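Hi,

Here is the structure I said I would pass on. Have a look at it first, and then read my notes on the aromatic rings below.

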Amino acid sequence: MPRVTGLAHITLSVRDRDASIDFYRTVLGFKEFKTRDGKQWLLTECRHPSGVVLGFIQHKDQFKATFDHRHTGMDHLAFQVGSLGELDYWEDRLTDLDIDHSPIVHADHGSMISFSDPDGIQLELYCPAELVSED
């Protein structure tokens with residue numbers, strides 16, 4: 001079987017590309033690296049220092065509705081952190097940035113904080129259980 005070697009990128013449909021780029025840059029540290037605009041869409045790709053690449057596409061004929069995880073498609077997007085201590089740091093950072101978020105939730109599989117981007121896309125910062133005990 002041919003190999004898949006990793007995840008190349010994820011592209012999110014957004015209402016306002018520039019607002020989304022600003023949010024992901026300010027909150028999570030993404031940096032713009034490629035913009036390709038067409039007649040019917042505006043597209044910018046951003047890269048995180050961890051190597052994750054997110055594209056933000058604003059379709060000019062979009063419906064201006066916010067994200068709804070109950071529709072077929074993506075439910076949420078989770079970013080892994082390296083330890084429970086880092087998750088504590090993120091909780092403080094989100095509070096300092098005045099971003100509404102859950103408290104840290106602990107479960108058998110790991111611990112996480114959830115919050116939403118400007119389009120209502122649910123984001124998580126997640127520490128797998130095997131990393132929680134290493135903190």
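Before the rings, one cut-off: a residue is called buried if its relative accessible area is under 20%, exposed if over 50%, and partly exposed in between. Also keep in mind that this is a predicted model.

So, how many aromatic pairs are there? The count comes to five. One of them is Phe30 with Phe79, an edge-to-face pair with 6.0 Å from centre to centre and 65° between the planes. Phe30 sits in the loop between α1 (17-28) and β2 (31-35), while Phe79 belongs to strand β5 (residues 77-80), so this pair ties together parts that lie 49 residues apart in sequence.

Are these two rings buried or exposed? Phe30 has a relative accessibility of 1%, so it counts as buried. Phe79 comes out at 12%, and because the cut-off is 20%, Phe79 is buried as well.

Another pair is Tyr89 with Trp90, again edge-to-face, at 5.9 Å centre to centre with 75° between the planes. Here the burial is split: Tyr89 is partly exposed at 48% relative accessibility, whereas Trp90 is buried at 15%.

Now back to Phe30 and Phe79, which have company: together with Phe23, Tyr24 and Phe56 they make up one aromatic cluster.

One last thing to look for is a charge over a ring. The charged end of Arg47 sits over the ring of Phe33, 4.2 Å from the ring centre.

Cheers

Definitions and conventions:
Residues numbered from 1 in each chain as written. Predicted model: local features only at pLDDT ≥ 70, side-chain atom pairs only at ≥ 80, totals over all residues. Heavy atoms only, no water. Phe/Tyr/Trp six-rings, centres within 6.5 Å; stacked < 30°, edge-to-face > 60°. Helix = DSSP H or I, 4+ residues; strand = E, 2+ residues; numbered from the N terminus. Buried < 20%, exposed > 50% of the residue type's maximum accessible area, 1.4 Å probe, protein only. Lys NZ or Arg CZ within 6 Å of the ring centre and 35° of its normal.
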